[in-house]
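Reader: I have just opened my first protein model, and I would like to learn how to read it. Could you walk me through some of its features?

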Amino acid sequence: MLHREPSSSGFVTPVYTSGNLGAAAKVLAAGGIVVFPTETVYGIGASALLEHAVAKIFEAKGRPQDNPLILHIHSTALLSEAVASVPRSAELLFEAFSPGPLTIVLPKAERVSPLVTAGLPTVGIRIPSHPVAREFLEMCNVPVAAPSANISGQPSPTSLEMALSGLDGKVDCAVDGGFCQHGIESTIVRCSDGEVVLLRPGAITVEMIARCLGEELPGVRVRAPDAEGGAVVMPAQPEAPGMSYRHYQPRAEVFVTERIDGARTRKRFHGRRFGVMAMNRPPVGVGPATPVYVMNSAEEYAHLLYRKLVWFDGQGCEVIVAELPPPQGVGLAVRDRLRRAAGGQEL
Ligand code: TXA
Ligand code: MG
């Protein structure tokens with residue numbers, strides 16, 4: 001990549017905004033890689049039709065090649081370019097939840113490169129609802145392969161600044177769409193004729209999916225293999241390949257807990273700077289200089305999760321203790337991400 005001077009944004013990467021996205025779409029069509037916003041997290045995209053461009057995504061993120069990418073399209077009109085067939089269950093889910101934070105894994109079309117799917121016979125399809133993503137994808141008018149725009153293993157970016165803090169100078173351009181609404185990645189399901197399997201929890205919950213399919217397709221089984229006693233736990237054999245990797249981890253070591261005991265936590269991490277992400281009320285007894293952030297709902301937790309993990313790093317914390325939200329609705333997805341960020345460490 002050519003050496004560039006920092007622009008007024010402070011980044012060397014050229015940044016485009018709504019109303020001015022033709023240039024970014026051109027970069028993508030010419031084989032470049034582009035950071036762009038979605039309603040979940042920022043993505044780093046390439047034309048799915050250009051293998052050499054897709055390869056650049058893996059390089060920029062430091063992503064293992066055996067972790068497949070999902071395809072982003074602006075409308076179901078582009079589905080036939082990406083998938084071989086669409087079962088009725090998937091049709092109903094697209095109708096109900098797209099555009100929106102849902103990715104549906106379907107049998108891939110022959111033309112989709114094995115580099116995108118890491119050799120799998122299936123491909124994930126997502127139609128984002130973020131207006132700037134829609135504007136950009138319409139201009140691209142090809143399936144855009146895009147993982148989250150973080151360096152592999154780190155928290156996903158929910159603002160342009162977060163994305164470029166890791167990828168500035170490693171991508172050809174970026175699109176600014178402000179802060180992401182949901183803040184955690186899309187729900188992923190795999191659809192076949194007989195069953196729908198949850199591969200990653202998100203803002204679209206299993207209950208919403210089951211309710212949507214229940215009336216018209218009562219015979220279809222909706223399955224959440226990782227759900228246990230209402231909480232999603234880490235499976236031994238994950239069905240979404242990427243879920244087995246180190247994930248969402250800030251520099252600080254993360255511990256999760258159902259309910260924080262301030263005094264015990266202070267004792268446990270004596271001599272180490274720790275921060276607390278609490279649910280509903282500030283913790284008592286953690287000490288006056290301890291960075292604390294209180295989440296008031298599961299939705300707020302999802303929206304701010306990754307940004308706050310990075311904020312605690314900025315506060316010099318070596319440890320972050322995160323109180324888990326209740327295991328309902330999007331709370332299940334937040335618990336899943338927190339447990340992975342913690343690598344399973346509980347207090
Ligand atoms: O919200 C999102 O989904 C964001 C935004 C940018 O759209 N994207 C995102 O992509 O989170 P990524 O690559 O960070 O996560 C996609 C996950 C990975 O864990 C990957 O292993 C899994 O989807 N995946 C991709 N293709 C798959 C397939 N054919 N079968 C099963 N899992 C798949
Ligand atoms: Mg990711």
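Author: We will go through a pocket, some backbone details and one buried side chain. Keep in mind that this is a predicted model.

Reader: Let's begin with the pocket. How much space lies in the second largest pocket?

Author: The second largest pocket holds about 300 Å³ of space. Its lining is made up of 17 residues, and those closest to the centre are Gln154, Pro155, Ser165, Val310 and Asp313. Two elements each give two or more residues to this lining: helix 7 (160-167) and helix 10 (298-314).

Reader: Which element gives the most to the lining of the second largest pocket?

Author: That is helix 7, with four residues. You can also sort the lining by class: eight residues are nonpolar, six are polar and three are charged.

Reader: Now the backbone. Where is there a cis peptide bond?

Author: Look at the bond that joins Ser98 and Pro99, where omega is about -5°. To find the place, go to the loop between helix 4 (88-97) and strand 5 (102-107), where Pro99 lies.

Reader: And phi? Which residue other than glycine has a positive value?

Author: Asn141 is one of them, with phi near 55°. You will find Asn141 in the loop between helix 6 (131-140) and strand 7 (144-145). Tyr248 also has a positive phi, near 55°, and this residue sits in the loop between strand 13 (231-232) and strand 14 (253-257).

Reader: Is Tyr248 buried or exposed?

Author: Use the relative accessible area: under 20% means buried, over 50% means exposed, and partly exposed is in between. Tyr248 has 1% relative accessibility, so Tyr248 counts as buried. Asn141 has a relative accessible area of 42%, so Asn141 is partly exposed.

Reader: Let me try the cut-off on Thr13. Why does Thr13 count as buried?

Author: Thr13 is buried because its relative accessible area is 0%. You can locate Thr13 in the segment before strand 1 (15-16).

Reader: What does the side chain of Thr13 make a polar contact with?

Author: One partner is the side chain of Asp168, at 2.6 Å. A polar atom of the Thr13 side chain also lies 3.0 Å from the backbone nitrogen of Gly169.

Reader: Which residues does Thr13 touch?

Author: Leaving aside residues up to four places away in sequence, Thr13 touches Leu164, Leu167, Asp168, Gly169, Val171, Asp172, Cys173 and Ala174. Asp168 and Gly169 are in that list, so try finding them on your screen.

How values were computed: Residues are numbered from 1 along each chain as its sequence is written. Chains are lettered from A and ligands numbered from 1 in the order in which they are written. This is a predicted model: local features need pLDDT of at least 70, side-chain atom pairs count only at pLDDT 80 or more; totals for chains, interfaces and linings use all residues. Side-chain values use heavy atoms; hydrogens and water are left out. On a 1 Å grid over the protein atoms alone, a cavity is a set of points where a 1.4 Å probe fits but cannot get out, and a pocket is an open set with protein on both sides within 12 Å along at least five of seven lines; lining residues have an atom within 4 Å of a point. Grid points are joined across faces, edges and corners, and a volume is the space filled by probe spheres set on the points. Ala, Val, Leu, Ile, Met, Phe, Trp, Tyr, Cys and Pro count as nonpolar, Asp, Glu, Lys and Arg as charged, and the others, Gly among them, as polar. Buried means under 20% relative accessible area, exposed over 50%, partly exposed in between (1.4 Å probe, protein chains only). A polar contact is a pair of N or O atoms within 3.5 Å; within protein, one must be able to donate a hydrogen and the other to accept it, and residues adjacent in sequence count only if both atoms are side-chain atoms. Contact means heavy atoms within 4.5 Å.
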